[in-house]
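Here are some friendly notes to read alongside the model. Please keep the structure open as you go through the points.

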Amino acid sequence: MPYKEHIKAVALISGGLDSVLAAKLIVDLGIKVIPLSVGLPYLPLECDKSGSRGRMIACLEEWAGRPMSVIDASSEAVEILRSPKHGFGANMNPCVDCRILMLKKGAEFMRKIGADFLITGEVVGQRGMSQRRQALETADRESGLEGLILRPLSGRLMPETIVEKNGWVPRDKLLSFNGRSRQPQLRLAESLGIAEPVNSAGGCLLTDPIFSVRLRDLFAHEGVDIRGLGLLKIGRHFRLSKQARLIVGRNEKENNLLSSLSQAGDYLFYTIDVAGPVGLCKGVFDAGLLSLAGSFIAYYCRPVPGTGVRVSCEMLPGRTGTELFSSPADEKTLESFRVGSGQRR
């Protein structure tokens, strides 16, 4: 029998399995659930809607009877990266501050639509920094929602919430998942008919060591903004000098993204006679650095040994391109400039 049909809850959806499971548990109690995604600039590029993650979100929207709402928090997230109150984790991940930001955004949305409480998919002990019980309680206090945040997957391990005290969700309907093992979630997903995506955890890039190295490089040489964070998700990155960086696309999708994200003052590199990557150069370039960038583009064309590649170099906006005949760089040179591989400064 449904519980309290007039009660509404906002479910924070990360894109991973846990948040979908948490929302589904509350939907099955007959409570109206509104899915909400908080947009952050360091989440992975949007997954293919035809993939398992897209199907999982589509199932959630069907269960909830409404599409997922989205709130952008990119500007606030950049400010957190510059100076996180609760510090960074093992990489460049300010997980506690980020979680508080998402909860605050959820609180704003909750009040706007007149919902009664917030649902998250957090599991006690799953993440060393942000999902220790103490960190969860800190996030609750600083979000202004203490007592109104329900974690259905670990609810029995947390203090009783207002949600339970009011009888909206009985405590015996909550679970006691704990720690890093994914097996309880997988078994629950199977019982609910949910297909788990390949990356079930949502995938914040700030916990990725390679992305973190790129971010530190950006901090050191250019400063961080929303566009800069977006570019870090794309391609191979090379620090050619303190004031010059080259990004080389790895596939057609990334080539198109680099072209679309280019701005005035950037250089774009294209191959002329052969298929090859797009290169985006940002910063201050002289003839020598442009020639070096061209040799990196040529490397990824894999020309016949002893030959070169014709490369078009165009400075935006709309300046006539310069044609370079580039011999491919050797692998040792390439690696010495790659961001995250002992690159030169």
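1. A charge counts as sitting over a ring if NZ of Lys or CZ of Arg is within 6 Å of the ring centre and within 35 degrees of the ring normal. Please bear in mind that this is a predicted model. Lys24 fits that description, with its charged end over the ring of Trp63 at 4.5 Å from the ring centre. Arg302 is placed over the face of Tyr299, also with 4.5 Å to the ring centre.

2. Now to the aromatic pairs, of which a search of the whole structure finds five. In one of them, the ring centres of Phe117 and Trp168 are 6.0 Å apart and the planes meet at 20°, so this pair is stacked. Phe117 belongs to strand 4 (residues 117–119), while Trp168 is in the loop between helix 6 (162–165) and helix 7 (183–192), so the pair ties together parts that are 51 residues apart in sequence. Phe117 and Trp168 are both buried. Elsewhere, one aromatic cluster is formed by Phe238, Phe296 and Phe337.

3. Which residues touch the most other members of the largest nonpolar core? Among its 37 residues, they are Val10, Leu12, Leu40, Tyr42, Leu118, Leu215 and Leu229. At least two residues of this core come from each of strand 1 (8–12), strand 2 (32–39), helix 3 (74–82), helix 4 (95–113), helix 5 (133–143), helix 8 (209–221) and helix 9 (226–232). Helix 4 gives the largest share, nine residues. A second, separate core has 31 residues, including Leu21, Val27, Leu174 and Leu188.

4. Leu229 deserves a look of its own. Apart from neighbours within four places in sequence, Leu229 is in contact with Pro41, Val78, Leu81, Phe211, Leu215, Leu218 and Val224. In soluble globular proteins, nonpolar side chains tend to be buried together.

5. Helix 10 (residues 252–261) is a nice one to view down its axis. Its buried residues are Glu254, Asn255 and Leu258. They span an arc of only 105° around the axis, which means that they lie on the same side of helix 10. Against these buried residues pack helix 9, strand 7 (244–248), strand 8 (267–271) and strand 9 (279–283). Exposed Glu252, Lys253 and Ser260 are carried on the face of helix 10 turned away from its buried side.

6. What caps the N-terminal end of helix 10? Asn251 does, with a side-chain oxygen 3.2 Å from the backbone nitrogen of Lys253.

Note on methods
Residues numbered from 1 in each chain as written. Predicted model: local features only at pLDDT ≥ 70, side-chain atom pairs only at ≥ 80, totals over all residues. Heavy atoms only, no water. Phe/Tyr/Trp six-rings, centres within 6.5 Å; stacked < 30°, edge-to-face > 60°. Helix = DSSP H or I, 4+ residues; strand = E, 2+ residues; numbered from the N terminus. Buried < 20%, exposed > 50% of the residue type's maximum accessible area, 1.4 Å probe, protein only. Core = buried A, V, L, I, M, F, W, Y, C linked by side-chain atoms within 4.5 Å. Contact = heavy atoms within 4.5 Å. Arc of directions from axis to C-beta. Polar contact = N/O pair within 3.5 Å; in protein donor to acceptor, adjacent residues only side chain to side chain.
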